[in-house]
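User: Please examine the structure below and discuss its charge pairs, its nonpolar cores and its overall make-up.

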Amino acid sequence: MQALRRPAADDPTPLPSLMDIPKQVAIADALLAGECSHIALMKNMSWILGRKWPWIPSLCQKIEQHAGPHFYHYSRDEMAALIQDDHGYDDAWRGKEKPQIKQYCLQPAIAPEKPVWLQALALPEFNNSADLARHLNLTVNELAWFADQWRQDAQASPRLGHYHYRWLEKAKGGWRLLEIPKSRLRNIQSKILQQLLNRVPPHAAAQAFQQGRSSISHAAQHTGKRVVVRLDLKDFFTSIPGSRLHALFAKLGYPEKVAGTLARLCSNRTPTAIVKDKTRYPFAPVSSAHLLRSPHLPQGAPTSPALANLCAHRLDMRLQALTDNMQARYSRYADDLTFSGDEEFEQGLRRFIPLVAAIAIEEGFVLNYKKTRIMRASTRQQVTGIVVNSHCNVKRADYDTLKAILTNCLRHNPASQNREGHADFRAHLAGKLAYMRMINPVRTTKLQALFEQINWSDEPVMN
């Protein structure tokens, strides 16, 4: 093992400052770069510390027994935590003669063999930042520019930032920040989505942002149930931090530096001026403002929906197990969690919702209790705007409103009903009909007949 090995010439990542590396992390680097055997672990640890300390054999035995065949799946921080928790190691730093790091290992950790599920995904290989840059048709310097979200000058000048910002008012109160990547970053994110993220399937409970799944497939799972419970995750996108994206890309088999670069390409840190500008729009709540100022998943980036689903995989897995145990059903449409069941589920509701809240917190999410809905069969049960009491159906109010508009278009003219000024009113109504037809094709037949009788020749074209 060489003490100081510089990265490859095409790897732009600078060497870390050795004085900034904690001692247990320096030891972890040396262990993960060598063989996983008791003798090799002792040899490498002694090499780092310049001598064989009496507590080294027991520590190496503990590491070998604890990690076992999963040794190379440990991150440097996880290995450092094992070292830090050892009593012999801890006592050594309390004595008069304290161990010292004599040499540093900068060799990369030995990559573990990919599990079968990861091999089956056939994701593109990136051994270093230069590989990633070539795959994205960027130079190394361009990759560093787009991946560096911590530049202070970008915080001061919107021209140097990679995003446009727009506050949108929510239909039921509150505000949402739309973070739209500029064209070049958006193209980069689209490549990451198409060539990497789209190959990784989310949990089966995730119904949003997936081909072949929709709000209708989400609602259809909860028809004809005694009780339907709808819960909402607060700040779904912004509550996913950049560190979680880093961990996700590392889980997909990418080296730490590559995983970090991919995470920075797909995350954003909103400038303080955007969060605090009270002259143009109401300011964000304190909790949301804190999330926006930290690296987070931006709502508006093409990669964000897929990443949100993947980051919620453990949440989906645990909630699915919980509902299976209660003979209930579970599905998630973005931040909308929906559960349904019959007698057994209804009887356990008092303890069920606190359990869901606890699982959400453990997985890094928080429930928005104001949007909690418990809907029994005696009332209208509604999931993503679709009535599910007996089967998927359109709300009567929506059906009656569209029927009235189409009738008036037939009796008078379409322009008299285009009160919201749609540029293509015919296409707007056709879209509403298509959506209703997917929910309930039989009920939509009468509306379709009205639509086909309307004379659209006199409709003005709005620019």
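**Salt bridges and cores**

Analyst: The side chains of D131 and R134 meet in a salt bridge, with N to O at 2.4 Å; a salt bridge here is a side-chain nitrogen of Lys or Arg within 4 Å of a carboxyl oxygen of Asp or Glu. This is a predicted model, in which local features need pLDDT of at least 70, side-chain atom pairs count only at pLDDT 80 or more, and totals for chains, interfaces and linings use all residues. Residues are numbered from 1 along each chain as its sequence is written, and side-chain values use heavy atoms, with hydrogens and water left out.

User: By about how much of a helix are D131 and R134 separated?

Analyst: Both residues belong to helix α7, residues 129-135; helices (H or I, at least four residues) and strands (E, at least two) are DSSP runs, numbered from the N terminus. Because D131 and R134 are three residues apart in that helix, their separation is about one helical turn.

User: How many residues apart in sequence are the parts that R332 and D316 tie together?

Analyst: The side chains of R332 and D316 form a salt bridge at 2.9 Å, N to O. R332 lies in strand β4 (residues 329-333) and D316 in helix α17 (residues 313-325), so the parts tied together are 16 residues apart in sequence.

User: Is E362, the partner of R318, buried or exposed?

Analyst: R318 and E362 form a salt bridge whose closest N and O atoms are 2.6 Å apart. R318 lies in helix α17 and E362 in helix α19, so the pair ties together parts 44 residues apart in sequence. The classes are buried (under 20% relative accessible area), exposed (over 50%) and partly exposed in between, with a 1.4 Å probe and protein chains only. At 54% relative accessible area, E362 is exposed.

User: Which helix gives the largest share of the largest nonpolar core?

Analyst: A nonpolar core is a set of buried Ala, Val, Leu, Ile, Met, Phe, Trp, Tyr and Cys residues joined through side-chain atoms within 4.5 Å. The largest one has 63 residues, of which F249, L265 and F339 touch the most other members. Its largest share, seven residues, comes from helix α19 (residues 349-362).

User: What percentage of contacts between residues at least 6 apart in sequence join residues at least 24 apart?

Analyst: The protein chain has 22 helices and eight strands, and 45% of its 463 residues count as buried. Contact means heavy atoms within 4.5 Å. For the contacts in question, the share is 69%.
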